[in-house]
Amino acid sequence: MKTFSEQVLLSFLYLLVVSQSIPVHQDTGHNSYAILFDAGSSGTRMEIYKFLASGPSLQPSDVVQIDASPDKVKPGISDLSDDPTQVEAYMNPLLKSAKQTIPEDKQASTPIFLLATAGMRLLPEDQANAILDEVRKLFNDKEKCPFLFKNDNDVRIITGKVEGIYGWVTVNFLLGVFASKNSNSYGSLDLGGASHQNSMDFDKSSPEVVVFDVAGKTYSVFSRSYLGYGQDQAREKYLAYIAQKANCAEDSKCVVQSPCHNNGFKESLEYQDKESIFKGTAEVKQCREIIRELFFCKSCPFNDQPNLKGKFYAFSAFYYVLTDIGAYGYG
């Protein structure tokens with residue numbers, strides 16, 4: 001099971017290879033590499049890939065993920081908004097790891113990219129741009145970063161719609177849909193920390209439908225991102241809501257009854273820069289009513305979400321939640 005980061009970055013790589021933006025060779029003696037950073041809301045993960053083949057018929061087995069250590073730094077790069085000059089120190093462990101992993105004679109021809117997602121989308125534009133400029137400055141310094149940094153657009157914030165499309169492309173690439181005569185595709189559900197993306201094949205016109213060609217086939221894909229409704233931010237919305245209902249928003253000693261937590265749960269939790277003690281009551285009906293009111297009301301962003309049709313693959317926080325409760329692999 002690939003993580004969210006691997007899903008999005010492999011999709012991005014696939015599109016680059018098909019368009020020949022990354023030159024790769026059939027001769028395995030001349031392998032090409034690429035480095036991508038997923039700058040998410042909770043941390044920045046580095047993925048290094050080696051390509052064994054190229055072209056529209058690229059298969060999952062033609063792309064090899066290379067292990068590197070460390071491959072992630074925390075917190076999210078958006079946390080550097082108060083002091084963007086810390087970007088170099090923040091990124092250095094990952095760049096050092098990449099230099100130790102990729103053969104020295106391949107480093108100058110290895111393209112490097114940074115894609116920032118929901119955490120950076122939440123920042124004011126000037127703060128986000130200041131961080132991105134520091135990353136570009138670092139990538140342009142060949143003494144500190146010997147890899148191939150082609151242009152400023154290789155470090156950017158991607159929109160939620162694009163993030164959803166990358167996830168959709170990756171799911172269908174890994175399942176062999178693009179190499180198959182069968183035109184049926186799979187939808188993707190991506191639950192991140194700060195945003196949530198739903199993407200699927202869609203036969204109706206909509207401003208949220210993107211039409212594009214992959215491997216000689218044309219696809220119309222609905223993709224919508226819900227900024228502020230990823231797992232972490234949705235959790236904060238829920239905690240703040242029940243704390244306010246209990247009149248505990250300003251009282252750290254107050255105990256908040258939480259119908260969505262299990263019986264026996266009692267912990268001090270932080271939400272929106274505040275903290276209260278929450279005690280689980282496991283009131284399923286009440287929990288559902290709160291979730292419906294917070295996320296599925298008439299003015300809520302999920303209210304006009306098109307009905308999901310067909311088969312879907314869910315990843316990122318979906319995977320971690322199911323794994324934590326021992327449910328992964330069932331169904």
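Where is P70 found? P70 sits in the loop between β3 (63-66) and β4 (72-73). The views below start from the whole chain of this predicted model and then return to that loop.

**Figure 1. Overview of the chain, with 9 helices and 14 strands.**
The chain has 331 residues, and 48% of them count as buried. Its accessible surface comes to about 16,700 Å². Carbon and sulfur atoms hold 48% of that surface. Among contacts with a separation of 6 or more, 65% join residues 24 or more positions apart.

**Figure 2. Two cis peptide bonds that lead into prolines, at P70 and at P75.**
S69 and P70 are joined by a cis peptide bond, with omega about 0°. P70 belongs to the loop between β3 and β4. The bond from K74 to P75 is also cis. Its omega is near -5°. P75 lies in the loop between β4 and α2 (87-101). Strand β4 thus borders both loops: the one with P70 and the one with P75.

**Figure 3. Helix α6, residues 160-174.**
The helix has 15 residues. From first C-alpha to last, α6 reaches 21 Å, close to the 21 Å expected at 1.5 Å a residue. How many of the 15 residues of α6 are buried? The count is 12, so the helix is largely enclosed by the rest of the structure. The buried set includes the run from G164 through I165, Y166, G167, W168, V169, T170, V171 and N172 to F173. G160 and E163 are buried as well. An α-helix has 3.6 residues a turn, so residues three or four places apart point the same way. After α6 comes G176, with a positive phi near 80°.

**Figure 4. The aromatic pair of W168 and Y219, one of 14 aromatic pairs in the structure.**
The two rings meet edge-to-face. Their centres are 5.4 Å apart, and the planes make an angle of 65°. W168 lies in helix α6 and Y219 in strand β10 (residues 217-227), so the pair ties together parts that are 51 residues apart in sequence. Both partners are covered: W168 is buried at a relative accessible area of 0%, and Y219 is buried at 4%.

**Figure 5. The aromatic pair of Y229 and F302.**
This pair is edge-to-face too, with 5.7 Å centre to centre and 90° between the planes. Which parts of the chain does the pair link? Y229 is in the loop between β10 and α7 (231-245). F302 is in the loop between α8 (284-295) and β14 (312-316). The two residues are 73 apart in sequence. Y229 counts as buried at 17% relative accessibility, since the cut-off is under 20%. F302 is buried as well, with a relative accessible area of 14%.

**Figure 6. The aromatic cluster around Y229 and F302.**
Y226, Y229, F295, F296 and F302 form one aromatic cluster. Y229 also has a charged neighbour: K237 lies over the face of its ring. The distance from K237 to the ring centre is 4.6 Å.

**Figure 7. Strand β11 and its partner β13.**
Strand β11 covers residues 255-258. In a regular strand the side chains alternate between the two faces of the sheet. V256 and S258 make up the covered face of β11. V255 and Q257 make up the uncovered one. β11 pairs with β13 (residues 274-280) in the parallel sense, over 4 bridges. V255 stands opposite I277 in β13.

**Figure 8. Positive phi values at D273 and A282.**
Neither residue is glycine: phi of D273 is near 65°, and phi of A282 is near 50°. D273 lies in the loop between β12 (266-271) and β13. A282 lies in the loop between β13 and α8. Is D273 buried or exposed? D273 counts as exposed, at 75% relative accessibility. A282 counts as partly exposed, at 32%.

How values were computed
Residues numbered from 1 in each chain as written. Predicted model: local features only at pLDDT ≥ 70, side-chain atom pairs only at ≥ 80, totals over all residues. Heavy atoms only, no water. Buried < 20%, exposed > 50% of the residue type's maximum accessible area, 1.4 Å probe, protein only. Contact = heavy atoms within 4.5 Å. Areas by Shrake-Rupley, 256 points an atom, 1.4 Å probe, with all protein chains shown as cover. Pairing = 2+ DSSP bridges. Expected span 1.5 Å × (residues − 1). Phe/Tyr/Trp six-rings, centres within 6.5 Å; stacked < 30°, edge-to-face > 60°. Lys NZ or Arg CZ within 6 Å of the ring centre and 35° of its normal.
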